Amino acid sequence: PQLVEKYQSKIADNPEIALIQISRDKREGDASRWAKEAGLPWLTVLPINVGRSKLMDYRTVDATPFYTLLNTEGAALATGAEEVFSKLAELTKTESE
């Protein structure tokens, strides 16, 4: 719920930012059902597609969840939930001024 609130307030209305979740569910139906029940409005990548997506190239810690903020060139701008949302706030503030 807290992540959904942060998403709604900091990401949802900004076309320059996207949140992508990598599911650890083995079955597509489980991942889709969980995302729907949790009210997650962002893209969920299934384990079967993770390798093809190259998203795991940006994993910085062996923990779940993990957060990495990337720019359009794929460079990491921040890692960890607190740092990512702090950087998002900074970037959003800069863009709106």
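Helices, at least four residues long, and strands, at least two, are DSSP runs that are numbered from the N terminus, and it is in these terms that the loop holding S23 can be placed between strand β1 (20-22) and helix α2 (28-38). The model described here is a predicted one. Its protein chain contains four helices and four strands, which follow one another from the N terminus in the order α-β-α-β-α-β-β-α.

**The chain as a whole**

- Of the 97 residues in the protein chain, 22% are buried.
- The accessible surface of the protein chain amounts to about 7100 Å², and carbon and sulfur atoms account for 51% of that area.
- When contacts in the protein chain between residues at least 6 apart in sequence are considered, 34% of them join residues that are at least 24 apart.

**Two loop residues, S23 and A12**

- S23, in the loop between β1 and α2, has a relative accessible area of 6% and is therefore buried, since the cut-off for that word is under 20%.
- Leaving aside residues up to four places away in sequence, S23 touches A31, T44, V45, L46 and P47.
- A polar atom of the S23 side chain lies 3.0 Å from the backbone nitrogen of D25.
- A12 sits in the loop between α1 (2-10) and β1, and with a relative accessible area of 32% this residue A12 is partly exposed.
- Although A12 and P41 are 29 residues apart along the chain, their C-alpha atoms are separated by 8.9 Å.

**Salt bridges**

- A search of the whole structure finds three salt bridges.
- One of them pairs R27 with D30, with 3.0 Å between the closest N and O atoms; R27 counts as exposed at 57% relative accessibility, whereas D30, at 23%, counts as partly exposed.
- D30 also meets R33 through their side chains, in a salt bridge of 2.7 Å from N to O, and because D30 and R33 are three residues apart in helix α2, about one helical turn separates them.
- R33 has a relative accessible area of 45% and is partly exposed.
- In helix α4 (residues 81-96), K87 and E90 are three residues apart, so they are separated by about one helical turn, and their side chains meet in a salt bridge with an N to O distance of 3.2 Å.
- Both partners of that bridge count as partly exposed, K87 at 22% relative accessibility and E90 at 43%.
- R27, D30 and R33, by contrast, are joined into one network by salt bridges that share partners.

Terms used: Residues are numbered from 1 along each chain as its sequence is written. This is a predicted model: local features need pLDDT of at least 70, side-chain atom pairs count only at pLDDT 80 or more; totals for chains, interfaces and linings use all residues. Side-chain values use heavy atoms; hydrogens and water are left out. Buried means under 20% relative accessible area, exposed over 50%, partly exposed in between (1.4 Å probe, protein chains only). Contact means heavy atoms within 4.5 Å. Accessible areas come from the Shrake-Rupley method with a 1.4 Å probe; for residues, only the protein chains shown count as cover. A polar contact is a pair of N or O atoms within 3.5 Å; within protein, one must be able to donate a hydrogen and the other to accept it, and residues adjacent in sequence count only if both atoms are side-chain atoms. A salt bridge is a side-chain nitrogen of Lys or Arg within 4 Å of a carboxyl oxygen of Asp or Glu.
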